[in-house]
Amino acid sequence: AFGRPLSEIFVSFEREPVASASIAQVHFAVVRDRQGQEREVAVKVLRPGMLAAIEKDLQLMRMMAGWVDSLSSEGKRLRPREVVAEFDKHLHDELDLVREAASAAQLRRNMDSLQLVLIPEIHWDLCTTEVMVMERMVGVPISQTERLREAGVDMPKLARDGVTIFFTQVFRDGFFHADMHPGNIQVSLDPKTFGRYISLDFGIVGTLTESDKDYLAQNFTAFFRRDYKRVAVLHIESGWVPRSTRVDELEAGIRSV
């Protein structure tokens, strides 16, 4: 698949995964590029047989969604068929590692000018739908706050930078990392990039239209002003909740939360 024997590509490959999830796992390795230069990389590999297993589960979910939709008025309100369709889309997207590599490359281009976040470079000649090879990143998980403080990371600045990165992705680019749990967000302690974020795992990204961005901005403003009626109206106008939703009931629910 790579056009070269594996023995010419991989100088070393760590058999034990450094990260393991339900769909794929990641191994560290050293590769030799076409110019003969050795590079440290992370190799993400899909688990064997994942497509068949996911299709089987989705078929069961579609059947259950059909029952809920036809037998319960409350269930119909939750739009179970649409929920399963959303699962279907995102799961199949995650099974295509070339798509994930493209998302990583897009975010890397978008974020380059900010100089606040590091996103791994993709080794395109070593990527297939089932294998993704990227630059190896070294950092501390964002959840290890004490370790970051001990290393001298400016935590208030880190918080501000996090908001800047996310709001830039959402409101400027309309293309954002949508799986930002601590396993995917780290902080660099390398002297050259000290205090910068590191983003990993781009299997799930979100996109927003100009209309979505406008409604989202208006919602933020309304929340900050505690104008919960306006929040309810915006949710209905934008189509985020059914048109038949009563404004006063939704307002009361938002206010209670």
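1. Of the 257 residues in the chain, buried ones make up 38%. Please keep in mind that this is a predicted model. The secondary structure comes to 10 helices and 11 strands, and the C-alpha trace spans about 65 × 45 × 35 Å along its principal axes.

2. On to the interior. The largest nonpolar core holds 33 residues, and those with the most contacts inside it are Ile23, Ile122, Met132, Leu148 and Leu158. At least two residues of this core come from each of β3, β4, α2, α5, β6, α7 (155–173) and β9 (185–187). The top contributor to this core is α5, with 5 residues. As background, nonpolar side chains in soluble globular proteins tend to be buried together.

3. You will probably want to look at the pockets next. The largest pocket has a volume of about 800 Å³. It is lined by 37 residues, of which Ala19, Val26, Lys44, Asn184 and Asp201 are the closest to its centre. By class, that lining divides into 20 nonpolar, 9 polar and 8 charged residues.

4. Which elements build the wall of the largest pocket? At least two lining residues each are supplied by β2 (19–20), β3 (24–32), β4 (38–46), α2 (50–71), α4 (80–94), α5 (97–111) and β6 (131–135). The largest share of the lining, 6 residues, belongs to α2. Helix α2 also supplies at least two residues of the largest nonpolar core.

5. The second largest pocket offers about 440 Å³ of space. Among its 21 lining residues, Leu118, Ile119, Glu135, Met137 and Thr193 lie closest to its centre. Its lining has 9 nonpolar, 4 polar and 8 charged residues. Both α5 and β5 (117–118) give at least two residues to this lining. Helix α5 is worth a second look, as it supplies at least two residues to the lining of the largest pocket too.

6. For those who like aromatic contacts, a search of the whole structure finds 9 aromatic pairs. One aromatic cluster is formed by Phe166, Phe167, Phe171, Phe176, Phe220 and Phe224.

7. A last detail concerns a charge and a ring. What sits over the ring of phenylalanine 28? The charged end of arginine 136 does, at 3.6 Å from the ring centre.

Terms used. Residues are numbered from 1 along each chain as its sequence is written. This is a predicted model: local features need pLDDT of at least 70, side-chain atom pairs count only at pLDDT 80 or more; totals for chains, interfaces and linings use all residues. Side-chain values use heavy atoms; hydrogens and water are left out. Rings of Phe, Tyr and Trp (its six-membered ring) pair if their centres lie within 6.5 Å; planes under 30 degrees apart count as stacked, over 60 as edge-to-face and the rest as tilted. A charge sits over a ring if NZ of Lys or CZ of Arg is within 6 Å of the ring centre and within 35 degrees of the ring normal. On a 1 Å grid over the protein atoms alone, a cavity is a set of points where a 1.4 Å probe fits but cannot get out, and a pocket is an open set with protein on both sides within 12 Å along at least five of seven lines; lining residues have an atom within 4 Å of a point. Grid points are joined across faces, edges and corners, and a volume is the space filled by probe spheres set on the points. Helices (H or I, at least four residues) and strands (E, at least two) are DSSP runs, numbered from the N terminus. Ala, Val, Leu, Ile, Met, Phe, Trp, Tyr, Cys and Pro count as nonpolar, Asp, Glu, Lys and Arg as charged, and the others, Gly among them, as polar. A nonpolar core is a set of buried Ala, Val, Leu, Ile, Met, Phe, Trp, Tyr and Cys residues joined through side-chain atoms within 4.5 Å. Buried means under 20% relative accessible area, exposed over 50%, partly exposed in between (1.4 Å probe, protein chains only).
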